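Visitor: Please take a close look with me at one part of this model, and explain it slowly, since I am new to reading structures. I would like to hear how charged side chains pair there, and then what lies around them.

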Amino acid sequence: IIVIDIGTNDLSRPSNSTPTQLADHVVDLALQLLSYGARFVVICEILPRYGSAFSGMVVSGPSFATAIDQYNEHCLDRCQDNSQLKFWRHHRIVPGTLSIPGVVPDTFAPDGVHLSNHGLKRYWQSIRGALIHAQQSFD
């Protein structure tokens, strides 16, 4: 089982591929891994962000959110017809999800880009769910 999870760096730089081209590259990589003998490949969604700017990358605003949506939707579309591929959505890892100051911590760090410790715990729980899903596909 192989899990592919990319971040937003490839989407945040205008000189890189379009969101759909990037999605095609990732899915093509997954298909190549399957051709080399991998039994199952999980492609994780790119998480939305709510930071303003980080290290010179623009990671907010409608155009960036649209790029994330385009990447995610194109990956989903390309994975649907292959039983050895799964596009994985991370549930409960959304900026501000269930955030109650002093009670439930936010899933993102104050920069709005990186996951907080609480968010990392949710991320690893989600990855565990993806692995369990993949393992069950063999049964």
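**A charged meeting point**

Guide: The side chain of R78 meets that of D28 in a salt bridge, with 2.9 Å from N to O. This pair links distant parts of the chain, because R78 belongs to helix α3 while D28 belongs to helix α2, 50 residues apart. Please keep in mind that we are looking at a predicted model. R78 has a relative accessibility of 27%, so this residue counts as partly exposed, and D28, at 40%, is also classed as partly exposed.

R78 has another partner, for a salt bridge joins R78 to D24 as well, and here the closest N and O atoms are 2.8 Å apart. Because R78 sits in helix α3 and D24 in helix α2, this pair ties together parts that are 54 residues apart in sequence. D24 has a relative accessibility of 25%, which lies above the 20% limit for buried residues, and therefore counts as partly exposed. As a general point, side chains of opposite charge can pair when their charged atoms come close.

The structure holds four salt bridges, and one of them brings R89 and E45 together, at 3.5 Å from N to O. R89 lies in the loop between β5 and α4 (117–138), whereas E45 lies in the loop between β2 and β3 (53–54), so this pair ties together parts that are 44 residues apart in sequence. The partners differ in their surroundings: R89 is partly exposed at 29% relative accessibility, while E45, with a relative accessible area of 8%, is buried. Returning to our starting point, salt bridges with shared partners join D24, D28 and R78 into one network.

Helices α2 and α3 appear again when we turn to the nonpolar residues. The largest nonpolar core has 21 residues, of which I6, L11, V41, I43, Y71, C75 and L85 touch the most other members. The elements giving two or more residues to this core are α2 (19–35), β2 (41–44), α3 (62–79) and β5 (85–88). A second core, separate from this one, has twelve residues, among them V42, C44, I93 and A130. To follow one member of the largest core, take V41: leaving aside residues up to four places away in sequence, V41 touches I2, I4, A30, L33, L34, Q84, L85 and K86. In soluble globular proteins, nonpolar side chains tend to be buried together.

Two further places complete the tour. D10 lies in helix α1, which covers residues 9–12, and with 35% relative accessibility D10 counts as partly exposed. D10 and L22 are twelve residues apart along the chain, and their C-alpha atoms are separated by 7.8 Å.

Last come the aromatic rings, where the count is one aromatic pair. The ring centres of Y123 and W124 are 5.0 Å apart and the ring planes stand at 75°, so the pair is edge-to-face, the planes being over 60 degrees apart. Y123 is buried, at 14% relative accessibility, whereas W124, with a relative accessible area of 55%, is exposed.

Technical notes. Residues are numbered from 1 along each chain as its sequence is written. This is a predicted model: local features need pLDDT of at least 70, side-chain atom pairs count only at pLDDT 80 or more; totals for chains, interfaces and linings use all residues. Side-chain values use heavy atoms; hydrogens and water are left out. Rings of Phe, Tyr and Trp (its six-membered ring) pair if their centres lie within 6.5 Å; planes under 30 degrees apart count as stacked, over 60 as edge-to-face and the rest as tilted. Buried means under 20% relative accessible area, exposed over 50%, partly exposed in between (1.4 Å probe, protein chains only). A nonpolar core is a set of buried Ala, Val, Leu, Ile, Met, Phe, Trp, Tyr and Cys residues joined through side-chain atoms within 4.5 Å. Helices (H or I, at least four residues) and strands (E, at least two) are DSSP runs, numbered from the N terminus. Contact means heavy atoms within 4.5 Å.
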